[in-house]
Amino acid sequence: MKLKAATLAAFKWNEQGLMPAIVQDAKTRAVLMMAFMNTDSLQRTLELGQAVFWSRRRGQLWRKGETSGNTLRVLEIRVDCDADALLLLVEPAGPTCHTDAVSCFFRDLDAFIAEPKRF
């Protein structure tokens, strides 16, 4: 599916042309990760059926799992009420986090506060 320019313009991208994308396991409903998308990564995600994001650190597109094999097959994309965030419902192939954790949200805030350098 190719999104029309008018549809892309209806989204509320930030000043860098990015939007947060929350990734959720479609089966378990666990929140797996958060990344940023731009118009190119959203289009690429729709074309491939696999999650593609914008790396702020590298300044380029990256397909989740392109090196690890832990891809995210996108089953559905939802837009929040303000059109400034996306929710990707996915089928993960392996752990999502680069630490090999199932989810990037495995750290407890209290433990982090007590010993932030450990993380």
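## A loop residue as a starting point

Ala 83 lies in the loop between strand 5 and strand 6. In this predicted model, the phi angle of Ala 83 is near 60°, a positive value in a residue that is not glycine. Most residues other than glycine have a negative phi. Ala 83 counts as buried because its relative accessibility is 16%, and the limit for buried is under 20%.

Arg 29 also has a positive phi, about 70°, and is not a glycine either. The loop that holds Arg 29 joins strand 1 and strand 2. With a relative accessible area of 44%, Arg 29 is partly exposed.

## Overall layout

The chain contains three helices and six strands. Read from the N terminus, the order of these elements is α-β-β-α-β-β-β-β-α.

The radius of gyration of the chain is 15 Å, which agrees with the value near 14 Å for a compact globule of 119 residues. Along the principal axes, the C-alpha atoms of the chain fill a box of roughly 45 × 30 × 30 Å. Among contacts in the chain with a separation of 6 or more, 43% join residues that are 24 or more positions apart.

## Surface and charge

The chain has an accessible surface of about 7,600 Å², and carbon and sulfur atoms account for 53% of this surface. Buried residues make up 34% of the 119 residues.

There are 16 positive and 14 negative side chains in the chain. The centres of these two sets lie 5 Å apart.

## The nonpolar core

In soluble globular proteins, nonpolar side chains tend to be buried together. The largest nonpolar core here has 19 residues, and those touching the most other members are Val 23, Phe 53, Leu 72, Leu 86 and Leu 88. At least two residues of this core come from each of strand 1 (19-25), strand 2 (31-37), strand 5 (72-79) and strand 6 (86-92). Strand 2 contributes the most, with four residues.

Leu 72 has a long list of partners beyond its neighbours within four places in sequence. Among them are Val 23, Leu 32, Met 33, Phe 53 and Val 90. The list also includes Gly 49, Gln 50, Lys 64, Glu 91, Pro 92 and Thr 96.

## Met 19 in strand 1

Met 19 is found in strand 1. Its relative accessible area is 0%, so Met 19 is buried. The C-alpha atoms of Met 19 and Phe 36 are 5.4 Å apart, while 17 residues separate the two in sequence.

Leaving out residues up to four places away in sequence, Met 19 touches Phe 11, Lys 12 and Trp 13, along with Ala 35, Phe 36 and Met 37. Met 19 is also in contact with Ala 83, Asp 84, Ala 85 and Leu 86. Ala 83, one of these partners, is the buried loop residue described at the start.

## Thr 45 in helix 2

Thr 45 sits in helix 2, which covers residues 39-48. A relative accessibility of 2% is why Thr 45 counts as buried.

Apart from residues up to four places away in sequence, Thr 45 touches Met 37, Gln 50, Ala 51, Val 52, Val 74 and Ile 77. Thr 45 and Leu 87 are 42 residues apart along the chain, and 13 Å separates their C-alpha atoms.

Technical notes
Residues numbered from 1 in each chain as written. Predicted model: local features only at pLDDT ≥ 70, side-chain atom pairs only at ≥ 80, totals over all residues. Heavy atoms only, no water. Rg over C-alpha atoms; globule rule 2.2 N^0.38 Å. Buried < 20%, exposed > 50% of the residue type's maximum accessible area, 1.4 Å probe, protein only. Contact = heavy atoms within 4.5 Å. Areas by Shrake-Rupley, 256 points an atom, 1.4 Å probe, with all protein chains shown as cover. Lys, Arg positive; Asp, Glu negative; His and termini not counted. Charge placed at Lys NZ, Arg CZ, Asp CG, Glu CD. Core = buried A, V, L, I, M, F, W, Y, C linked by side-chain atoms within 4.5 Å.
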